[in-house]
Amino acid sequence: MSQPSEVHPAWLPPSAFRALGSRRIRIDGQGPPADTVRSEVTRACAHFGGRICAPGEEADLVLAVAPSSEAGSEGFHLSRQDGSTVVLADGPAGLLHGLFEVVRRGEAAFGPGLTGRRHEPAFALRVLDHWDNVDVHPVMGQVERGYSGGSILWQDGRLRDDPARIREYARLVAAAGINAVTVNNVNVHTAETHLLTDRLAEVAALAGAFRPYGIRVHLSVNFAAPVILGDLDTADPLDPAVRSWWAHTTEKVFAIAPDFGGYLVKADSEGQPGPFTYGRTHADGANMLAAALAPHGAIVRWRAFVYNHRQDWRDRSTDRARAACDHFAPLDGEFHDNVILQVKYGPMDFQTREPVSPVLFAMPSTRLAVELQATQEYTGQQRHVCYLPPMWSGVLGFHPYGEPGPAVADVAASGGALVAVSNVGDDPFWTGHPLAQANLYAVGRLAWTPTLDPAAVLDECIALTFPGAGEPLREILHELMDDSWQTYEQYTAPLGVGFMVRPGRHYGPDVDGYEYTPWGTYHFADRDGVGVDRTAATGTGFAAQYPRPWSEVYESRATCPDELLLFFHHVPYDHVLHSGTTVIQHIYDTHFAGAERVAGMRDRWRDAVALVDPAVHARVADRLDEQLRSAEEWRDQINTYFFRKSGIPDAKGRTIH
Ligand code: GCV
């Protein structure tokens, strides 16, 4: 595999600024993001011959903060006025977002076709969570579920000595629309627990690196910090000494980083400590931290990923999919105003296909965040091309109460956040697989405008990453990426049943790998059929956690969408899908088709050889070879497994082993 040491520029190479950098630009605004606008413009003009104008001078582009600006607001109005393009921002952060909107539009931002309108983010909080460890974890490494090399933030047990790279990362994600970054893993180990107190200077340094790009730093904290740091013998959230420890500790955080964003907590989940130890609820735990943060105008994001990871596979009544709703729905209305409950998009765990988590509709009196996973833990680990926005748009555009009615994005945007686990690392291509950059870019764009068409987001990303590359490359990238999530779905676990991955590492097929384990992730395949009965009538009752119409739609095999059939139902192999084919034949057909599509992708990429940087081409080509090998392995294992279980041959007589 080629390993160039030079860092490749992702979606903001200097040439992306050509249209802007060749013009006369006036900037009016104060504060760190406004200073960044000035330095971005200066840099662009140095490349392309434009210049910064004096106040009052005639300009092609005016970037100004409106006199009546609201501090903290990020919106702006973009229009053409008397031959100039004008960005009138609500505040300095809006100025920065306005600048990047102009960059995205290129020449079109300076033409008469520009329609004047206001731009503002749907989600006020648009976050990348880093699952980065300060100390290399013996099992999970420097970045838990990271597929892009080491951490971009931490190295050798301390803050990385490469502020330029961190700043460049801040620039990239700010240009996509991100305004918050959580700098350490939600599994908070010992060294990372100290970031809150004696290692606070490192957090402050990170806040300083992200600040110029309008990004606030958040910290994952350990619920047991008062005990682990040796100050108290309890972390009971109702204990006055514990409450005052958190209040006092939080004051010190703000003394050193006044624009600190808040805490993120994984509690009582996969071995992390939490309020259950003290017989307290998650509302008690979250509210204690919220009380400490409230005087500083900051928030706590509290994760809803709580389930029993030590369940007995023989117990058919415990259903991991139910757990989050069972734990949290009864607490609706009990959380303080500065608590945001952070909910994974599906009820299980970032699978390729899951129904939208019912927690998102069960808590109308709670602020909610939708959590996505840009890091491709279960979607090919950045060795496979898997452009995720089509899945994410489906989640954000899902109508929990049917149509008309609000979409998930409307529910969560009202007071909540859109969060994604970052897929970045110290890799020269940022994300291991160069094409995985588009997932990172899309997180910010969908958090700003959830209704954007995924193909249009990809178009933007292509235009910014390969300025001037032209139509042939654009076509190739769309062919490879637009349907790559569906392709990945075709050759992996079928019809929404999920997992079937190798335990621990989560890469490659192992159909029964998790079947008899405590993790609660089963498919229940036997000689007659496959799938999990989650109906209210005969199963675990998970389907009833949805409001109507979905509780009814999912409850019945007759109405359940094909792609989720095995998530909700255990069906015979000869069950006929809405598509007209049987379940077993669908398994064979999709697995042959998926692997074939990957072979086509690998061949098509050869046509791009003269169109992109040779290092980028080589890296993508290497990964496509691996994707094809892996897709064929998936195809053969899944087809063989289900042929052996069912005894039903492929109607088309293809090779099954
Ligand atoms: C950070 C999954 C992953 C874990 C991850 C966890 C979480 O279970 O496999 O590595 O831990 O999700 O989201 O907390």
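**Ligand site and backbone geometry**

The shell around the ligand holds four nonpolar, three polar and eight charged residues. The model is a predicted one. The shell comprises 15 residues, and Glu144, Lys266, Arg303, Lys344 and Glu377 come nearest to the ligand.

Polar contacts to ligand oxygen atoms were examined next. In Glu377, a side-chain N or O atom is 2.5 Å from an oxygen atom of the ligand. For Arg303, a polar side-chain atom lies 2.7 Å from a ligand oxygen. Asp349 also takes part: one of its polar side-chain atoms lies 3.0 Å from an oxygen atom of the ligand. The protein buries 96% of the 340 Å² that the ligand exposes when taken alone. Two of these contact residues, Arg303 and Glu377, are also listed among the residues that come nearest to the ligand.

The ligand was then placed in the context of the pockets. Rolling a probe the size of a water molecule over the atoms shows where empty space is left. The ligand takes up the space of the second largest pocket. This second largest pocket contains about 430 Å³ of space. Its lining is made up of 27 residues, with Met140, Glu144, Arg145, Glu270 and Trp519 closest to the centre. By class, the lining of the second largest pocket splits into nine nonpolar, nine polar and nine charged residues. The shell around the ligand, in turn, counts eight charged residues beside three polar and four nonpolar ones. Glu144 appears in both lists: it is among the residues nearest the ligand and among those closest to the pocket centre.

Backbone geometry was also inspected. Most residues other than glycine have a negative phi, and most peptide bonds are trans. Glu270 is not a glycine, yet its phi is positive, at about 45 degrees. Glu270 sits in the loop that runs between strand 14 (262–265) and helix 9 (282–293). Glu270 is also one of the residues closest to the centre of the second largest pocket.

Cis peptide bonds were found before two prolines. One joins Glu403 and Pro404, with omega at about -5 degrees. Pro404 belongs to the loop between helix 12 (389–396) and helix 13 (408–413). Another cis bond joins Arg548 and Pro549, where omega is about 10 degrees. Pro549 is placed in the loop between strand 19 (529–530) and helix 18 (550–555).

How values were computed
Residues are numbered from 1 along each chain as its sequence is written. This is a predicted model: local features need pLDDT of at least 70, side-chain atom pairs count only at pLDDT 80 or more; totals for chains, interfaces and linings use all residues. Side-chain values use heavy atoms; hydrogens and water are left out. A residue is near a molecule or strand if one of its heavy atoms lies within 4 Å of it. A polar contact is a pair of N or O atoms within 3.5 Å; within protein, one must be able to donate a hydrogen and the other to accept it, and residues adjacent in sequence count only if both atoms are side-chain atoms. Accessible areas come from the Shrake-Rupley method with a 1.4 Å probe; for residues, only the protein chains shown count as cover. On a 1 Å grid over the protein atoms alone, a cavity is a set of points where a 1.4 Å probe fits but cannot get out, and a pocket is an open set with protein on both sides within 12 Å along at least five of seven lines; lining residues have an atom within 4 Å of a point. A molecule sits in a cavity or pocket if more than half of its atoms lie within 2 Å of its grid points. Ala, Val, Leu, Ile, Met, Phe, Trp, Tyr, Cys and Pro count as nonpolar, Asp, Glu, Lys and Arg as charged, and the others, Gly among them, as polar. Grid points are joined across faces, edges and corners, and a volume is the space filled by probe spheres set on the points. Helices (H or I, at least four residues) and strands (E, at least two) are DSSP runs, numbered from the N terminus.
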